Amino acid sequence: KNGDTINKHIEFAKSLNLEIEKRPTDKKTVCIPEKFGDVYENYNRLQQKAGYDLRDYKGCEVTLYSYKIENSEKVMNILVYRGRIIGGDISDVSISGDMLPLEKNNEKTET
């Protein structure tokens, strides 16, 4: 179970070449909706880029942890269900508001 402790969250971040602060800036319970609207469909496409799929968790309550990424304006958000990381994102908290999948060497690529 890669998401059942804060230390495992830090290890997970390191596996993505990210250094995060030692405590989450936010922790809350969220419910993955039974039916996905446009927002969740788009968010799930982002998940699929990193090998996750939230469709398996429709209707489930999950815990959302947010960690500040050191020396950046970004936050790593992870979704944890029963001690396992099931998805998340890297969000830019600056005006641009870019959101990236949880992938190693996460550099924005031009399309």
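Is Y43 buried or exposed? Y43 counts as buried, because its relative accessibility is 16% and the cut-off for buried is under 20%. This is a predicted model, and the points below take it element by element.

1. **Helix α2 as a whole.** Start with the span. Helix α2 covers residues 38-49. It has 12 residues and reaches 17 Å from its first C-alpha to its last. That is close to the 16 Å expected at 1.5 Å a residue. Just after the helix comes G51, with a positive phi near 90 degrees.

2. **The two sides of α2.** Y43, N44, L46 and Q47 are the buried residues of this helix. They lie on the same side of α2, because they cover an arc of only 155 degrees around the axis. D38 and K49 are exposed on the other side. The cover over the buried residues of α2 includes β3, β4 (84-92) and β5 (99-100).

3. **N44.** Look at this residue in α2. N44 has a relative accessibility of 2%, so it counts as buried. A polar atom of its side chain lies 2.7 Å from the backbone nitrogen of L54. Leaving out residues up to four places away in sequence, N44 touches F36, D53, L54 and R55. L54 is thus named twice: once for the polar atom of N44, once in the list of residues touched.

4. **Aromatic pairs in and around α2.** The count of aromatic pairs comes to 3. One of them joins Y40 and Y43, whose ring centres are 6.3 Å apart with planes at 80 degrees, so the pair is edge-to-face. The cut-off for edge-to-face is over 60 degrees. Y40 and Y43 are 3 residues apart in helix α2, so about one helical turn separates them. Their exposure is worth checking. Y40 is partly exposed, at 23% relative accessible area, while Y43 is buried at 16%.

5. **The cluster and its charge.** Ring pairs link F36, Y40 and Y43 into a cluster. F36 has a further partner. The charged end of K58 sits over the ring of F36, 4.6 Å from its centre. F36 is also among the residues that N44 touches.

6. **A pair across the chain.** What kind of aromatic pair do Y57 and Y81 form? The pair is edge-to-face, with 5.4 Å centre to centre and 65 degrees between the planes. It links distant parts of the chain. Y57 is in the loop between α2 and β2 (61-68), and Y81 is in strand β3 (residues 74-81). The two are 24 residues apart. Both Y57 and Y81 are buried.

7. **Helix α1.** Which residues of helix α1 are buried? In this helix (residues 6-15) they are H9, I10, F12 and A13. They cover an arc of only 160 degrees around the axis, so they lie on the same side of α1. N7 and E11 are exposed on the other side. The buried residues of α1 pack against β2, β3 and β4. Just after the helix, N17 takes a positive phi of about 65 degrees.

8. **E61 in strand β2.** E61 is found in strand β2. With a relative accessible area of 58%, E61 is exposed. Leaving aside neighbours within four places in sequence, E61 is in contact with T29, V30, C31 and Y81. Y81 is also a member of the edge-to-face pair with Y57. For spacing, the C-alpha atoms of E61 and L79 are separated by 9.9 Å, and the two residues are 18 apart along the chain.

9. **V62 in strand β2.** Now take V62, also found in strand β2. V62 counts as buried, because its relative accessibility is 1%; E61, in contrast, is exposed. With neighbours within four places in sequence set aside, V62 is in contact with K28, T29, V30, I32, L79, V80, Y81 and I86. T29, V30 and Y81 appear in the contacts of E61 and in those of V62. V62 and R84 are 9.9 Å apart, C-alpha to C-alpha, and 22 residues apart in sequence.

Technical notes: Residues are numbered from 1 along each chain as its sequence is written. This is a predicted model: local features need pLDDT of at least 70, side-chain atom pairs count only at pLDDT 80 or more; totals for chains, interfaces and linings use all residues. Side-chain values use heavy atoms; hydrogens and water are left out. Helices (H or I, at least four residues) and strands (E, at least two) are DSSP runs, numbered from the N terminus. Buried means under 20% relative accessible area, exposed over 50%, partly exposed in between (1.4 Å probe, protein chains only). A polar contact is a pair of N or O atoms within 3.5 Å; within protein, one must be able to donate a hydrogen and the other to accept it, and residues adjacent in sequence count only if both atoms are side-chain atoms. Contact means heavy atoms within 4.5 Å. Rings of Phe, Tyr and Trp (its six-membered ring) pair if their centres lie within 6.5 Å; planes under 30 degrees apart count as stacked, over 60 as edge-to-face and the rest as tilted. A charge sits over a ring if NZ of Lys or CZ of Arg is within 6 Å of the ring centre and within 35 degrees of the ring normal. The expected span of a helix is 1.5 Å times one less than its number of residues. The arc is that of the directions from the helix axis to the C-beta atoms.
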